[in-house]
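Could you walk me through this protein stop by stop? I have the viewer open and would like to know what to select next.

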Amino acid sequence: MPSTAIVILNWNGQRMLAEYLPSVIQHSEGAEVVVADNASTDGSIAFLREHFPEVRVLVLEKNWGFAGGYNKALAQVDADYYVLLNSDVEVTAGWLQPLETFMDRHPEAAACQPKLRAVADRGSFEYAGASGGFIDRLGYPFCRGRIFDTVERDEGQYDSVEEVFWTTGACMLIRSADYHAVGGLDARFFAHNEEIDLCWRLRNRGRHLYCVPESVVYHVGGGTLPKGNPRKTFLNFRNNLTMLYKNLPERELRGVMLRRWFLDYLAAWQTLILNRNWGDFRAIYQARHAYKKWRHDFDADRQTICAEVSIPQRKSYSILWQYYFHQRKKYSCLVDKKTS
């Protein structure tokens, strides 16, 4: 029977641990529960040792971010399956078994995720993963159940097992062998888009990813960097561009990047003119500059990663065009260019 380790990365999340860790311990029979602490200053470590002595605590010497923190932690964890689990996730009875069973039966699968619902609105999908992730031809991510800021009610419409392009870092079960085979998460990203980059590298190696909606968890979301934080905007734009540079086939790179140059600056001016948001305006400009400055640091990665492979879950259409021009705001309404 494969072994499973549930690894929660924590940074100043004592309140979240107090709220949601009990559900993980209660409903994860047979799995080791590990909390890796990214040099918290809020008393998280002492709290864990006092209230949850059954949990293994890994103390990291500094805040390595989401990507680096997980790499440091998972190098110290011996298991067949890792579950990357955010500290603000409430799991439910029986959540783990469908994921493990699916992976046991599908050796071609590198990773899978459950269905994510929102803690704040338990009948709706949660932004960071919903019922499985995809990207469009220009690198914009979206989910079954969530496109941009439109989040659907969960009425069972996406309850089928589905092969996806990316599985959410909020709750991802991944084979340890696959994780280490591609070098884990890219620590240079620090946070945001790092799990999509990991999934793209796995897909380029012919591995497969799935959403298994029989498993359900509830996610708060935005705990470390809430939505609208300029730092989050910066990381999202910089890392998304870097992910494209690392993974896009050569035949697409120039065309995609030219379009993204235009669309990114359009987004910056839109947020300034329509929302008077100077923070996000500056963050997008800074992200473009940071990407240009460091992109050649990833040339070696590009030579070993990018592949001329067709991945159906990387959609051929523009999600911006579908969403804003055609007003298709639900995943079930999207029309693939090949069939429209």
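Here is a tour in a few stops, made on a predicted model.

**Stop 1: helix α8 and its surface**

Start by selecting helix α8, residues 250-275. Then add Trp269, Ile273, Leu274 and Tyr285, and show their surface: together they make a nonpolar patch of about 440 Å². Helix α8 supplies the largest share of that patch, with 3 residues.

Now centre on tryptophan 269, which sits in helix α8. Is tryptophan 269 buried, exposed or partly exposed? It counts as partly exposed, because its relative accessibility is 41%.

**Stop 2: across to helix α9**

Keep tryptophan 269 on screen and add phenylalanine 281. The ring centres of tryptophan 269 and phenylalanine 281 are 4.9 Å apart with planes at 75 degrees, so this pair is edge-to-face. The pair joins distant parts of the chain, with tryptophan 269 in helix α8 and phenylalanine 281 in helix α9 (residues 278-294), 12 residues apart. Phenylalanine 281 has 11% relative accessibility and therefore counts as buried.

Next, show the side chains of arginine 260, aspartate 264 and arginine 288. Arginine 260 and aspartate 264 meet in a salt bridge, at 3.2 Å from N to O. These two are 4 residues apart in helix α8, so about one helical turn separates them. Both arginine 260 and aspartate 264 are buried.

Aspartate 264 also forms a salt bridge with arginine 288, where the closest N and O atoms are 2.9 Å apart. This pair links distant parts of the chain: aspartate 264 in helix α8 and arginine 288 in helix α9, 24 residues apart. Arginine 288, like aspartate 264, is buried.

**Stop 3: more salt bridges**

The count of salt bridges comes to 19. For one of them, select arginine 56 and glutamate 32, whose closest N and O atoms are 3.6 Å apart. Arginine 56 belongs to strand β3 (residues 56-60) and glutamate 32 to strand β2 (residues 32-38), so to speak of distant parts of the chain, they are 24 residues apart. Arginine 56 is partly exposed at 30% relative accessibility, and glutamate 32 is partly exposed with a relative accessible area of 30%.

For a network of salt bridges, select Asp186, Arg188, Asp197, Arg201, Lys246 and Asp301.

**Stop 4: a buried arginine without a salt bridge**

Move to arginine 175, in strand β12 (residues 171-175). Which side chain of opposite charge is nearest to arginine 175? It is aspartate 178, 4.1 Å away, and arginine 175 is buried yet has no salt bridge. Show what arginine 175 touches beyond four places in sequence, including Asp80, Tyr81, His106 and Arg207.

Then pick alanine 79, in the loop between α3 (65-74) and β4 (81-85). Alanine 79 counts as buried, at 8% relative accessibility. Beyond its neighbours within four places in sequence, alanine 79 is in contact with Ser3, Thr4, Ala5 and Ser176.

**Stop 5: the aromatic cluster**

Finish with Phe125, Phe134, Phe142, Tyr158, Tyr317 and Tyr331, which form one aromatic cluster. Aromatic pairs number 23 by count. In the pair of phenylalanine 125 and tyrosine 158, the ring centres are 5.8 Å apart and the planes are at 45 degrees, so the pair is tilted. Phenylalanine 125 lies in the loop between β6 (109-118) and β7 (133-135), and tyrosine 158 in the loop between β10 (150-151) and β11 (162-164), 33 residues apart. Both phenylalanine 125 and tyrosine 158 are buried.

Note on methods:
Residues are numbered from 1 along each chain as its sequence is written. This is a predicted model: local features need pLDDT of at least 70, side-chain atom pairs count only at pLDDT 80 or more; totals for chains, interfaces and linings use all residues. Side-chain values use heavy atoms; hydrogens and water are left out. Patches are made of residues with over 30% relative accessible area and no salt bridge: like charges are joined within 9 Å, nonpolar side chains (Val, Leu, Ile, Met, Phe, Trp, Tyr) within 5 Å. Accessible areas come from the Shrake-Rupley method with a 1.4 Å probe; for residues, only the protein chains shown count as cover. A salt bridge is a side-chain nitrogen of Lys or Arg within 4 Å of a carboxyl oxygen of Asp or Glu. Buried means under 20% relative accessible area, exposed over 50%, partly exposed in between (1.4 Å probe, protein chains only). Lys and Arg count as positive and Asp and Glu as negative; His and the chain ends are not counted. Contact means heavy atoms within 4.5 Å. Rings of Phe, Tyr and Trp (its six-membered ring) pair if their centres lie within 6.5 Å; planes under 30 degrees apart count as stacked, over 60 as edge-to-face and the rest as tilted.
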